[in-house]
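I wanted to look up how the side chains of one strand are placed, and then follow what lies on either side. These are my notes, in the order in which I worked.

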Amino acid sequence: MAQMRAELVGLVLEKHGERAKIKLDKDKSKGDKVPKYLEAWCPINVKVGDVVGIEYQEMNKRKMQMVLYGFPVLAVIAGAVFGNSIAIFFGLDKTMPMMLGVVIWLLIAVNYARIFKRDAVREGVQPVVVEIEAPDPIVFDDSKDESEKKQEMN
């Protein structure tokens with residue numbers, strides 16, 4: 001098999017959206033303290049059962065703050081717009097649907113920011129799936145001459 005360039009190598013066990021749970025192969029992985037399992041961000045299209053390469057990527061402080069604080073602010077705006085749209089569609093008073101929309105969207109955003117903070121911000125780095133190991137290619141032996149091919153067919 002081809003050698004992977006990534007720091008860690010593992011098998012994808014589960015994939016949910018852009019998150020993947022991976023069982024690491026300690027023999028193929030580089031480094032001292034390789035955990036048995038790892039949850040990593042997965043921006044590439046992998047399937048359960050793929051062998052993947054994972055690298056720790058440093059997080060930009062400004063981007064981290066944008067996710068932690070900007071995402072909940074955007075969720076409040078989106079919740080208000082969502083609640084307003086529901087109120088208009090059903091012909092209701094706008095106050096309750098807008099407040100309910102804000103609460104629901106804010107809960108989702110805060111949960112996402114909490115998970116992001118747990119995974120990336122605390123350590124300053126985030127495990128990211130960067131490559132999929134290609135299976136060994138199938139090689140056809142075309143060195144046989146025509147007489148051997150005819151004998152095989154008969």
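I looked along strand 3 and found that its side chains alternate: Leu38 and Ala40 point to one face and are buried, while Tyr37, Glu39 and Trp41 point to the other and are not. Here buried means under 20% relative accessible area, with a 1.4 Å probe and protein chains only, and strands are DSSP runs (E, at least two residues) numbered from the N terminus, as helices are (H or I, at least four). I noted that this is a predicted model, in which local features need pLDDT of at least 70 and side-chain atom pairs count only at pLDDT 80 or more, while totals for chains, interfaces and linings use all residues. Residues are numbered from 1 along each chain as its sequence is written, and side-chain values use heavy atoms, without hydrogens and water.

Next I checked the partner of strand 3: strand 2 (residues 19–24) runs antiparallel to it and is joined to it by five bridges, where pairing needs at least two DSSP bridges. Lys23 stands opposite Tyr37 in strand 3.

I then looked up the largest nonpolar core, a set of buried Ala, Val, Leu, Ile, Met, Phe, Trp, Tyr and Cys residues joined through side-chain atoms within 4.5 Å. This core has 13 residues, and those with the most contacts inside it are Ile22, Leu24, Val52, Ile54 and Val129. Strand 1 (8–16), strand 2, strand 3 and strand 4 (51–58) each supply at least two of its residues, and the largest share, three residues, comes from strand 2. Another core, of six residues, lies apart from it and includes Met59, Leu68, Ala113 and Ala120.

Notes. Buried means under 20% relative accessible area, exposed over 50%, partly exposed in between (1.4 Å probe, protein chains only).
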